[in-house]
Amino acid sequence: MRIAVVADGDGGGWLAELGEGAPTTPVAPVRRVGDLVAAVRAAEQAGSEPPRWVWADTEDLYPDLVRAGVRVARCHDAALTEALLLGYEARHSEPHSLGAAWARLHDLPVPDDPARPLGEGTAAQPALFEADRSTLPPGTDRLAALVEVHADQRRRIADLPEPGRMALLAAVESAGALAAVEMSHDGLPWRPDVHDQVLTEILGPRPRAGERPPVLADLAARIGEVVGHEVNPDSPAQVLKAMAWVGHPVESTRSWVLEAVDHPLVPLLLRYKELARLHSANGWAWLETWVRELPGEDGEPRLGRFQPDYVVGGVVSGRWATRGGGALQIPKSVRRAVRADPGWVLVRADAGQLEPRVLAAVSGDDALAAAAAEEDLYARLAVHVGDDRERAKIGMLAAMYGQTSGDAAPLLATMRRLYPRALEHVDAAARTGEGGGIVRSWLGRTSPAPVDWAATAAATDGDRRRRAHGRFTRNFVVQATAAEWALVLLAALRQELPKTPEGGGIVFFVHDEVVLHVPAQLAEETVRAIERAQTRTREILFGDTPVRFPLAVSVTECYADR
DNA sequence: AGGGTTTGCCAC
DNA sequence: AAACGTGGCAAACCCT
């Protein structure tokens, strides 16, 4: 059963039960409810199977439900689905909100998508569903508009050459939106005291605002001594001058460029850059901005939560982006601060070598699939290639990224001979991209067309951009399908996981790994659920492929432990 | 002073 | 060893 829902901005809303057939029309009179939370909770628990909620935008409705303690099993996110369908039609740049979709159906002026500023996610205070971001014209029957757009989207999906794939993509994209709100609400367990301890060990005691930590100040002073005058190591321009001044001019101050230079200044600069990065990106200021402390008992360790806003579909390839806090790039050095609450554990599931496995599955290359049936794909590749594992890996990555320089060329020739269908799959995608065409993932997510090359005057520059776009489409067919694998896994996990208390469940997701926070006594059951989800993911996406997608599952107290 | 761009590094 | 895909972010830099 599907239920379309809109909020009234005052805690209530309207519901319309929809038929499952296409076109989907209401099968019962519209129901007005005064307490939307209660109505959703009741519908979720009634009947043998929970409904699929049809709504304009998960980010508008679901955070309030989650805050109120309600979780739903399934939804159809009209905005995300519209974006997928527009993309399929090579119309990426068109607005995808409910209002925009409805306006197109009625040949009316299409409104821009609403901007979604930082901090609008679940960390914000309760809003009682007040925001109407649907961009529908004032006075429009919003429920009728939603029902109409949903029916249109289902028709457009049904009319595709492979409707099942796009239907699955829309479903897992929507499930991802649910998971994103839930994760953002729960947050990644983060110990402020441990983070502070890590910073103090590495940088010295916390300085006053605007000052360098002691270790950085000392390094800057020693750099100044070696050069003979004061240098701001944070300024690439000053570092370039300083290197020239000491007789070692360099083209840039990138660390691998500096590493090649033999001069006492270099280790000081490299050390400074490394520590300055930690201080500016994940230092005390970051901790205060992004980690919310939970109320706690005196004498107990302070517990915190890192609650980034996830942007589902925020990357063209279907990977998620995040807003604020740099959640997808938590450096290894501060992962010690990610610790389970007392009595709880972190269960981490990490997909190994996902992209080459995806390539094996989508290309149907028997030899690569045979390698991908193994736990360590690269080790098997090395046997095929007759080289060491590291070089086999470089060759594979070169094929998927379009690398041509370095020692990739001979490796690529070997790959092309051993895995002809796999290489042809990415080579064809690259040719399409170079020709200005679009490519699609396994489920139909579509690459955006290149930005107007004709506007580029110089032929050489145009050529460079054409090749760059070829590398993009080459990678897209793999990366976008890997993102789909991860979305299906998330959706399967939501179905398989045991019920956990508040603060438990999936708490972090980054491209090909998930972190769960569960009471220790649920650890075993959680691991079994992950294994079921993993198997289902492969079957749902690729049927009976020989390719395996191993998940390394570990149960730890700390994210830094493996 | 404030906005946009560049540089460089972090993650997968 | 360093040019090979997707991003976010902070500080310096450059312009108005």
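## A walk around chain A and its two DNA strands

Start by selecting Arg-254: an N or O atom of its side chain sits 3.0 Å from a phosphate oxygen of DNA strand B. That is a polar contact, meaning a pair of N or O atoms within 3.5 Å; inside the protein, one atom must be able to donate a hydrogen and the other to accept it, and residues adjacent in sequence count only if both atoms are side-chain atoms.

Before moving on, know that this is a predicted model, where local features need pLDDT of at least 70 and side-chain atom pairs count only at pLDDT 80 or more, while totals for chains, interfaces and linings use all residues. Residues are numbered from 1 along each chain as its sequence is written, chains are lettered from A and ligands numbered from 1 in the order in which they are written, and side-chain values use heavy atoms, with hydrogens and water left out.

**Strand B**

Now click Ser-255, where a polar backbone atom lies 3.0 Å from a phosphate oxygen of DNA strand B. Gln-329 goes for a base instead: a side-chain N or O atom is 2.6 Å from a base oxygen of that strand. Show everything around DNA strand B and you get 17 residues, counting a residue as near if one of its heavy atoms lies within 4 Å. Of the strand's atoms within 4 Å of the protein, 83% belong to sugar or phosphate.

**Strand C**

Switch to DNA strand C, which has 27 residues around it; Ser-235, Gly-324, Gln-329, Ser-405 and Arg-471 are the closest. Zoom in on Ser-235, whose side chain puts an N or O atom 2.3 Å from a phosphate oxygen of DNA strand C. At Gly-325, a polar backbone atom is 3.2 Å from a phosphate oxygen of this strand. Next, colour α19: with 4 residues, this helix supplies the largest share of the surface near DNA strand C.

**Into the core**

Keep looking inward and select Trp-190, Trp-320 and Trp-485, which touch the most other members of the 128-residue largest nonpolar core. Such a core is a set of buried Ala, Val, Leu, Ile, Met, Phe, Trp, Tyr and Cys residues joined through side-chain atoms within 4.5 Å; buried means under 20% relative accessible area (1.4 Å probe, protein chains only). Helix α19 (residues 459-496) gives the most to this core, 14 residues; helices here are DSSP runs of H or I, at least four residues long, numbered from the N terminus.

**Zoom out**

Finally, show all of chain A: 52% of its 562 residues count as buried.

Definitions and conventions:
Buried < 20%, exposed > 50% of the residue type's maximum accessible area, 1.4 Å probe, protein only. Helix = DSSP H or I, 4+ residues; strand = E, 2+ residues; numbered from the N terminus.
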